[in-house]
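Dear colleague,

I am handing over the structure we spoke of, and below it I have set out what was found in it. Please read the notes with the coordinates open beside you.

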Amino acid sequence: MTAIFDILVIGSGIAGASVAARLSQSGRRIVLIEGETHPGYHSTGRSAAVWEPAYGPLAIRQLTRASAAFFTAPPTGFTDAALMTPLAILTVAPEERQHRIAEELAAMPDAKQVRISPAEAEARMPVLKKGWTKAALLTEAAGALDVDAIHQGFLKLFKATGGSLVTNATVTALEHQKGLWHATTRQGTFTAPIVVNAAGAWADQLGQMAQAEPIGLKPLRRTALTVAAPSGLDTAGLPMTLDVDEEFYIKPDAGRLLLSPANEDLETPGDTQPDDYDIALCVWRIEEATDLKISKIESKWAGLSSFVADKATVAGWSARAENFFWLAGQGGYGIQTAPALSAFAAAQILGQDLPEVLQSEGFNPADLAPNRAALAV
Ligand SMILES: Cc1cc2nc3c(=O)[nH]c(=O)nc-3n(C[C@H](O)[C@H](O)[C@H](O)COP(=O)(O)OP(=O)(O)OC[C@H]3O[C@@H](n4cnc5c(N)ncnc54)[C@H](O)[C@@H]3O)c2cc1C
C-alpha cells in the first residue's frame with residue numbers, strides 16, 4: 001500500500017505531535033508516523049514535567065518563555081485540565097560550590113531568580129539538612145506541567161483537523177525520488193514532498209537514512225524515582241529543589257517526592273531503563289543534602305534526553321537533504337518549549353513569518369539551524 005500526503009512527520013512524542021497539529025491546522029494532509037503502538041512511550045512519557053524558565057541556553061529560555069501563554073490559556077477544546085500550575089524552584093549549593101550560585105545568576109540575567117539566604121532556603125524546603133546549603137537562588141516563576149494533557153491535546157487537535165496517526169510503523173527506509181520522499185514501514189509506504197524528523201533519540205539515525213547532515217545527537221539517560229513524603233511534610237507549596245550543578249533534584253509531586261540524580265549517561269537510542277547505580281547515586285546524593293531517609297521506592301524509571309553540542313534544539317531545513325526538516329535535540333526541555341517550538345517549526349515549513357511571540361523575544365532562527373557551526377561533527 002502507498003499513501004500520499006503533503007507532509008510526513010516521523011515520531012509522535014511531544015515534538016512530532018505538536019508540529020503535526022500546527023501543520024494540520026493549515027489544511028495540509030499530514031501523516032504522523034510512530035514506531036511504537038502508542039504515542040509518548042519514550043522521552044515524552046518519562047519527563048519530570050517542569051516548566052523551568054532559568055534553564056538551558058538563551059534560545060531555549062526564549063522558547064520556554066514564549067510557550068507560557070499557551071500553557072496558561074490553551075486554545076478552546078484543547079483540554080479540560082490545567083496544563084501548568086505554579087511551582088517555585090530553589091537552587092542550592094553546598095560550601096565547596098557556593099560560588100556557582102553567583103555564576104548562575106550572572107549567566108542568566110533574563111531569568112527571574114533572586115538570591116536568598118541559606119536560612120530562607122531551609123525555611124522554604126524544611127528537609128534540607130541544617131547548614132548544608134551555603135548559597136541559594138529562588139524563582140517563583142516556574143510551573144508544574146500536565147504532560148499527558150499537553151501531549152493528548154496536541155494529538156486531539158491533530159486528529160480534529162484531519163490528520164492521520166499511524167502507529168506500529170517504524171520507518172525502516174527513507175528515500176527521495178523525483179521530488180518525493182518515500183518512507184517504508186510495516187504498515188506500507190508513505191509518500192510526501194516534505195519530511196519532518198521528530199524521531200527523538202533516533203533523529204540522527206533517521207537523518208542518516210535520508211542522507212542528511214549528522215547533527216551529533218547524544219542520547220543521555222536520566223533516572224527518576226518517587227517516594228512517599230515523610231509524615232508531617234506538606235508537599236503543597238514546597239519548591240522544586242535542585243543542586244546548582246544538577247547533582248540531584250527533588251520535586252513535590254501530589255503528596256509524593258520525585259527524586260533524580262540528574263544523571264546524563266550516554267546511551268544508544270532505545271527503551272532505556274534505570275540502572276541500580278543510578279538509584280544508589282540518587283539516594284546517596286539526596287541523603288547527603290537532606291534529612292530524607294529513602295527506604296522504600298514507590299516507582300522508578302529512566303528516559304533519554306538527547307542533546308547536541310551547544311545544548312540548543314535543532315529546528316530547520318537540512319542543508320543536505322531536500323525538503324527534510326529537523327526537529328530534534330530537545331534535551332531536557334522538549335515539553336516546556338513545545339508550544340513555541342512547534343509554532344516556529346510549522347511557520348518555517350509553511351514559509352511563514354516568525355511567530356510574533358518569538359519576534360518579541362528577539363529569537364534568532366540561526367541559533368537552531370542544523371548547519372550552525374557549533375554542530376560541525
Ligand atoms: C527523566 C527526564 C526528565 C525530563 N524532564 C523534563 C522536564 O521537566 N521538562 C521538559 O520540558 N522536558 C523534560 N525532559 C525532556 C523531554 O522529555 C524531551 O525533551 C521530550 O520528551 C522529547 O520529545 P520528542 O518528541 O523529541 O522525543 P520522544 O518522546 O522520544 O518521541 C520520539 C518518537 O519517535 C519515534 N521514532 C523514533 N524513530 C522512529 C522511526 N524510525 N519510525 C517511527 N517512529 C520513530 C519513537 O518511537 C518516539 O515515540 C525530561 C527527560 C527525561 C528523560
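The residue to begin with is T313, which is placed in the loop between β18 (299-307) and β19 (314-317). Please keep in mind throughout that this is a predicted model. T313 has a relative accessibility of 0% and therefore counts as buried, and a polar atom of its side chain lies 3.4 Å from the backbone oxygen of G329. Once the neighbours within four places in sequence are left aside, T313 is in contact with I60, A328, G329, Q330, L341, D367, L368 and R372.

A second residue that I looked at in the same manner is E52, whose place is in the loop between β4 (50-51) and α2 (58-72). What is the nearest side chain of opposite charge to E52, given that E52 is buried yet has no salt bridge? That side chain is R61, and it is 9.0 Å away, whereas a salt bridge would need a side-chain nitrogen of Lys or Arg within 4 Å of a carboxyl oxygen. The side chain of E52 does, however, reach the backbone nitrogen of A54 at 3.0 Å. With neighbours within four places in sequence set aside, the contacts of E52 are T64, I89, T139, L242 and Q336.

The third residue is W132, found in the loop between α4 (118-124) and β7 (135-145). Its relative accessible area is 18%, so W132 is buried, the cut-off for that word being under 20%. W132 and E288 are 156 residues apart along the chain, but their C-alpha atoms are separated by 8.5 Å. E288 also appears among the contacts of W132 beyond its neighbours within four places in sequence, and these contacts include V92, A93, P94, E95, D243 and F248 as well.

Turning to charged pairs, side chains of opposite charge can pair when their charged atoms come close. A search of the whole structure finds 21 salt bridges, and I describe some of them here. R29 and D6 are joined by a salt bridge between their side chains, at 3.0 Å from N to O. This pair links distant parts of the chain, since R29 is in the loop between α1 (14-24) and β3 (30-33) while D6 is in the loop between β1 (2-4) and β2 (7-10), the two being 23 residues apart. Both partners are partly exposed, R29 with a relative accessible area of 45% and D6 with one of 23%.

The salt bridge between the side chains of E103 and R100, also given as 3.0 Å from N to O, lies within one helix: both residues belong to α3 (residues 99-107) and are 3 residues apart, about one turn of the helix. Here E103 is partly exposed at a relative accessible area of 40%, whereas R100 is buried at 16%.

R222 forms a salt bridge with E264, and the closest N and O atoms of the pair are 3.5 Å apart. Because R222 lies in strand β13 (residues 218-228) and E264 in the loop between β16 (256-260) and β17 (265-266), the pair ties together parts that are 42 residues apart in sequence. R222 is buried, with a relative accessible area of 15%, while E264 is partly exposed at 35%. Salt bridges with shared partners also join R97, R100, E103, E104, D243 and D245 into one network.

The last group concerns the aromatic rings, for which the structure holds 12 aromatic pairs. In one of them, the rings of W317 and F325 have centres 5.2 Å apart and planes at 90°, so the pair is edge-to-face. W317 counts as partly exposed, at 30% relative accessibility, whereas F325, at 0%, counts as buried. The rings of F324 and W326 likewise make an edge-to-face pair, because their planes stand at 85°, with their centres 5.6 Å apart; both F324 and W326 are buried. Elsewhere, one aromatic cluster is formed by F70, F71, F78 and F154.

Two rings also have a charge over them. The charged end of R46 sits over the ring of Y41, 5.0 Å from the ring centre, and that of K311 sits over the ring of F307, 4.4 Å from the ring centre.

With best regards

Terms used. Residues are numbered from 1 along each chain as its sequence is written. This is a predicted model: local features need pLDDT of at least 70, side-chain atom pairs count only at pLDDT 80 or more; totals for chains, interfaces and linings use all residues. Side-chain values use heavy atoms; hydrogens and water are left out. Rings of Phe, Tyr and Trp (its six-membered ring) pair if their centres lie within 6.5 Å; planes under 30 degrees apart count as stacked, over 60 as edge-to-face and the rest as tilted. Buried means under 20% relative accessible area, exposed over 50%, partly exposed in between (1.4 Å probe, protein chains only). A charge sits over a ring if NZ of Lys or CZ of Arg is within 6 Å of the ring centre and within 35 degrees of the ring normal. Helices (H or I, at least four residues) and strands (E, at least two) are DSSP runs, numbered from the N terminus. Lys and Arg count as positive and Asp and Glu as negative; His and the chain ends are not counted. A polar contact is a pair of N or O atoms within 3.5 Å; within protein, one must be able to donate a hydrogen and the other to accept it, and residues adjacent in sequence count only if both atoms are side-chain atoms. Contact means heavy atoms within 4.5 Å.
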